[in-house]
Amino acid sequence: RKGDRGTPRALGGGVVTDLTVEQLPKGWRYHIGPLEVLFDFMSATARGVEAWIEVRHDGSDVPEIFGRKDLTGANTVRDLANAWKGQNGLSEDLFRDIMRRIVYDVIQRWRAGPDPTDLFDAELASDRRYLLRPWVEIAAPTRLIAQGGSTKSAFGLALALTVCTGSNKILHGYRPTQTGPVAFLDWEAHAGIHKERLDAIARGAGIKIDREMVHYFDMRRHGALRRTATALANRFHELGIVFVVVDSVMLARGSGSEKRAAEDSTLELYEALGELGCAALLIDHKPKDAIKSRDKKGGYGSVVMDNSARLVWDMHQVAKLSDGRIRWTASNTKANNSAPHPDVSYEVQITTDRRSDLWHTCTFTPIASISDGLVESSNLTEQIELLMVEHGPMTVPQIAELLERGEGTIRKVLNRGAETGKFRKLPDTVPPLWILAIDDPREELEAPW
């Protein structure tokens, strides 16, 4: 938002020297003496230019006049003056003259379009690149791509809680460069699920979280983000939101298509994010072909989706262990404003209450590399899984050599894993290559986290 103080103008036979104009994302607010006139949600129509108008006197809670009007209509000013009816000691004639000049001014501002910015005088968005290094930049959206069941939503919440608390006990990494209230826009679950996760993460880290610092919005009833972006921007401004998590991109943009129609919805999504005016994390799903690929990287969407984000993290699950631990590695596949970051790996431990089966604790423990996870695991099946994540398809002799085990032992584990759906032998390969079997990604929206 920006404002400018106008030069003294003759209004209604007198000179008003306290005229100020405040530019809003989709309109302007005028202050003239005791009057406040708002023109918001402005849009071009077949008839001309329409806007939502509110007229207040001395900052009244309820506007004396409000409604959507065609600003270019011949009778617009007259209708507003008739609605005023000389209230609060301001005559109908004087009010008509003020409104005539203001309506003309706002139409001219609308038609003139945006003003250019002098880059030599422009201020940096921040004196720091990152809100939370290396995951989230302050002035650009971050995209997190992951398959279902990899704890991506819980990790997004953990990032938000790290920002609002300023603590490094949750992710055991950097502290945020700025702390403040955070928002979670949810199209997939409901408040109860995220309350359960929030409590489990806080309990696992041994910290308390101020309830005034976390703001959850259930977006399932509101459709695509573009529909509520302006209203949310106003709420974010009131609440002082510094970081928002969008879960998930496909539903927030209002399109599951991967064709040309999706490009328009993607552009509208990023336009809506610009209105919110804070750092953002976009959680995105991973398509089936990406999960089956050797490097397991890539998300839904066209080239527009890939190019719109400034920072992209691609998370792939390393192993889901029998005791509830999940290991994943995130690769920085795009970094427009800095050098790419090295891979980051975490082990996520989720414990549940025996009676209710609800999450009790959720902890994120850094693993320096895949090889560290390999050393930590004493289970041969888990060790083979970790090797395949790091190296891709492998032969029995290759696995046996790296793990220093007999080929017969490795072959038995692979055959047993094939029966349970954990491993798969690639057909027509000599010598035979083994890979990890992939779960059906269509189930990812039903995944427990």
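Hi everyone, let me start right at one residue: setting aside neighbours within four places in sequence, H194 is in contact with L157, F184, D186, A189 and Y216. H194 sits in helix α4, and with a relative accessibility of 6% it counts as buried. Please keep in mind that this is a predicted model.

So where does helix α4 lie? Helix α4, residues 191-205, lies across β12, β13 and β19, and runs at about 60 degrees to β19. Those strands belong to an open sheet of nine, in the order β13-β12-β14-β15-β11-β16-β17-β18-β19, with mixed pairing. Which strands stand at the edges? They are β13 (214-218) and β19 (359-367); each has a single partner strand, so one side of each is left without a neighbour in the sheet. On average, neighbouring strands of this sheet are turned by 20 degrees against each other, direction ignored.

Next, the pairings. Strands β16 (residues 311-320) and β17 (residues 325-335) pair in the antiparallel sense over nine bridges. If you want a spot to click on, A319 stands opposite R327 in β17. Helix α3, residues 152-165, packs on this sheet, touching strands that include β11, β15 and β19. The direction of α3 makes about 170 degrees with that of β15.

Let me stay with β15 for a moment. Parallel pairing is what we find on both of these neighbours: five bridges join β11 to β15, and five bridges join β14 to β15. On the β11 side, the bridge partner of L144 is I283 in β15; for β14, V246 has L282 in β15 as its bridge partner.

How many residues of β15 are buried? Seven of the seven are, so the strand is largely enclosed by the rest of the structure. In a regular strand, side chains alternate between the two faces of the sheet. Here A279, L281, I283 and H285 point one way from β15, while A280, L282 and D284 point the other way, and all are buried.

H285 brings me to another residue you may like to look at, S248. S248 is in the loop between β14 and α6 (249-253). With 1% relative accessibility, S248 counts as buried. How far apart are S248 and H285? In sequence they are 37 residues apart, and in space 7.6 Å, C-alpha to C-alpha. Leaving out neighbours within four places in sequence, the contacts of S248 are W187, E188, I283 and H285.

On to the packing of the nonpolar side chains. The largest nonpolar core has 48 residues, and W135, F155, F243, W328 and F364 touch the most other members. Which element gives the most to this core? That is α3, with nine residues. Take F155 as one of the hubs on screen: not counting residues up to four places away in sequence, F155 touches W135, L144, L171, M315, W328, Y346 and F364. There is also a second, separate core of 27 residues, with W28, Y30, V49 and V55 among them.

One more buried residue is T230, in helix α5 (residues 229-239). The relative accessibility of T230 is 8%, so T230 counts as buried. Again leaving aside neighbours within four places, T230 is in contact with K26, F41 and E275.

For those of you who like a geometry check, try helix α2, residues 92-112. At 1.5 Å a residue, the 21 residues of α2 should span 30 Å, and the end C-alpha atoms are 30 Å apart, which agrees. Which residues of α2 are buried? They are F95, D97, I98, M99, I102, V103, D105, V106 and I107. An α-helix has 3.6 residues a turn, so residues three or four places apart point the same way. Just after α2, G113 takes a positive phi of about 75 degrees.

Let me finish by zooming out to the whole chain. The protein chain has 13 helices and 21 strands. Of its 449 residues, 49% are buried. Among contacts with a separation of 6 or more, 56% come from residues 24 or more positions apart. And the accessible surface comes to about 22700 Å², with 49% of that belonging to carbon and sulfur atoms.

That's my tour; thanks for listening!

Notes. Residues numbered from 1 in each chain as written. Predicted model: local features only at pLDDT ≥ 70, side-chain atom pairs only at ≥ 80, totals over all residues. Heavy atoms only, no water. Pairing = 2+ DSSP bridges. Helix = DSSP H or I, 4+ residues; strand = E, 2+ residues; numbered from the N terminus. Axes fitted to C-alpha atoms, helices over the stretch in contact; angles between N-to-C directions. Contact = heavy atoms within 4.5 Å. Buried < 20%, exposed > 50% of the residue type's maximum accessible area, 1.4 Å probe, protein only. Expected span 1.5 Å × (residues − 1). Areas by Shrake-Rupley, 256 points an atom, 1.4 Å probe, with all protein chains shown as cover. Core = buried A, V, L, I, M, F, W, Y, C linked by side-chain atoms within 4.5 Å.
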